[in-house]
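Hi everyone, thanks for coming. Let's have a look at this one together, and I'll walk you through one corner of it.

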Amino acid sequence: MDENKQVIIANLPKGKLQESDYTLKTAAIPSPQQGEVLVKTIAFAITAGTRAGLQGSASYAGAPKTGVVMNGTGVGEVVESRSGTVAVGDIVVAPTGWQAYSVHAEGVVTQIPRNHNPIHYLGPLGVNGLTAYFGLMEVGRPQPGETLMVSAAAGSVGHLAGQIGKIKGLQVVGVCGSDAKGALLTQQLGFDAAVNYKDSGFRNRLKEVTPNGVDVYFDNTGGMILGAALFRMNVAGRIACCGVVSQYDTDHPEPGPKGIPGLLINKRITMRGFLLFDFVDAYARARAELHGWIDSGALQSLTDEVAGLEAAPAGFVDLLAGGNVGTRIVRL
Ligand SMILES: NC(=O)c1ccc[n+]([C@@H]2O[C@H](COP(=O)([O-])OP(=O)(O)OC[C@H]3O[C@@H](n4cnc5c(N)ncnc54)[C@H](OP(=O)(O)O)[C@@H]3O)[C@@H](O)[C@H]2O)c1
């Protein structure tokens, strides 16, 4: 019989996250009670927002704790069921965490249709794809022909948000941390331009590629990229505050950029934070539209795979340093 391999949070990070902040453990495979299912993990996503959870800055995630399985969304197969609605053999999305087996109440898992690729439920049809969709469409409220700027544009949320912008008829500019990522955005994903924020000429280059200003800024990073975006925003522009990845991997997050509230007032900019859960009632509609775009080839899902549970901590440290392209997935 298998054992349940788990990645446990050993320490809350001091400064930057280290592989040694995690430890591997084996435990007994849990048994489902009435109304529950046992899920064997196929794969899970490593996502930047979980670093905010370890920092204690994601209030929705509660206080960070050690000695528990690292949290995360996975897809897996139901291998034992005491549920009337979810059967053995069903493939589901669940908050598996970083472990091989997990038990869930039947209402917590989402069954994946047989003809869908389960891995898409960690990317474009999962948390990050829905975040890109609602952040852009509901918070950014773009109009065809407008200019969209996206930060962390080659990451999971970012590469999807930018492509949805193209589908909706926008001029799309991606900001990312290397020229190779920028080339991928423009040559493979159809972005109109890309700018490397690590270049000394970043602000000038951003100005060059946004000659008509920016109408919608999809902000995954906060920090100095938000500071630069504020100066490029048009009157009545919208900033969708999705995340602050530039300030997660530290004990000393920087204060917000200059220009708030002055620039917001003068340009009548709307700056609005959102959490994906705000749109839970509309997930099915969004998934149907996203699935249609994947089927037609209009939306490409880039994934970046790491093999084996043991590799997850190093994969997370590397993601925070910009090592990933698209959605980083750990396949068991
Ligand atoms: N509001 C919500 O409900 C919600 C839901 C899901 C995710 N999010 C947010 O979405 C954002 C993206 O998450 P993700 O899971 O898709 O991660 P991701 O973009 O796949 O990975 C993180 C990326 O951030 C970039 N980065 C790291 N340090 C940076 C810095 N100092 N300045 C600028 N960029 C930096 C890196 O790319 P480079 O090479 O470009 O540096 C890295 O690839 C996060 O802020 C997350 O919190 C929000």
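Okay, I'd like to begin with the aromatics. Tyr133, Phe134, Phe218, Phe274, Phe279, Tyr283 and Trp293 are joined by ring pairs into a cluster. Keep in mind that what we're looking at is a predicted model.

If you search the whole structure, you get ten aromatic pairs. One of them is tyrosine 133 with phenylalanine 134, and that pair is edge-to-face, at 5.1 Å centre to centre with 80 degrees between the planes. Buried or exposed, these two, tyrosine 133 and phenylalanine 134? Tyrosine 133 is buried, and phenylalanine 134 is as well.

Now, phenylalanine 134 also pairs with phenylalanine 279. Here the ring centres are 4.9 Å apart and the planes sit at 5 degrees, and planes under 30 degrees apart count as stacked, so this pair is stacked. And where do the two partners come from? Phenylalanine 134 is in helix H2, phenylalanine 279 is in the loop between E13 and H8, and they're 145 residues apart, so to speak two distant parts of the chain linked by one pair. Both of these phenylalanines are buried too.

So what about helix H2 itself? It covers residues 127–140, and eleven of its 14 residues are buried, so the helix is largely enclosed by the rest of the structure. The buried ones include Asn128, Gly129, Leu136 and Val139. What covers them? Among the elements doing that are strand E8, helix H3, strand E12 and helix H8.

One last detail: just after H2, arginine 141 takes a positive phi, about 45 degrees. That's my tour, thanks!

Conventions. Residues numbered from 1 in each chain as written. Predicted model: local features only at pLDDT ≥ 70, side-chain atom pairs only at ≥ 80, totals over all residues. Heavy atoms only, no water. Buried < 20%, exposed > 50% of the residue type's maximum accessible area, 1.4 Å probe, protein only. Helix = DSSP H or I, 4+ residues; strand = E, 2+ residues; numbered from the N terminus. Contact = heavy atoms within 4.5 Å. Phe/Tyr/Trp six-rings, centres within 6.5 Å; stacked < 30°, edge-to-face > 60°.
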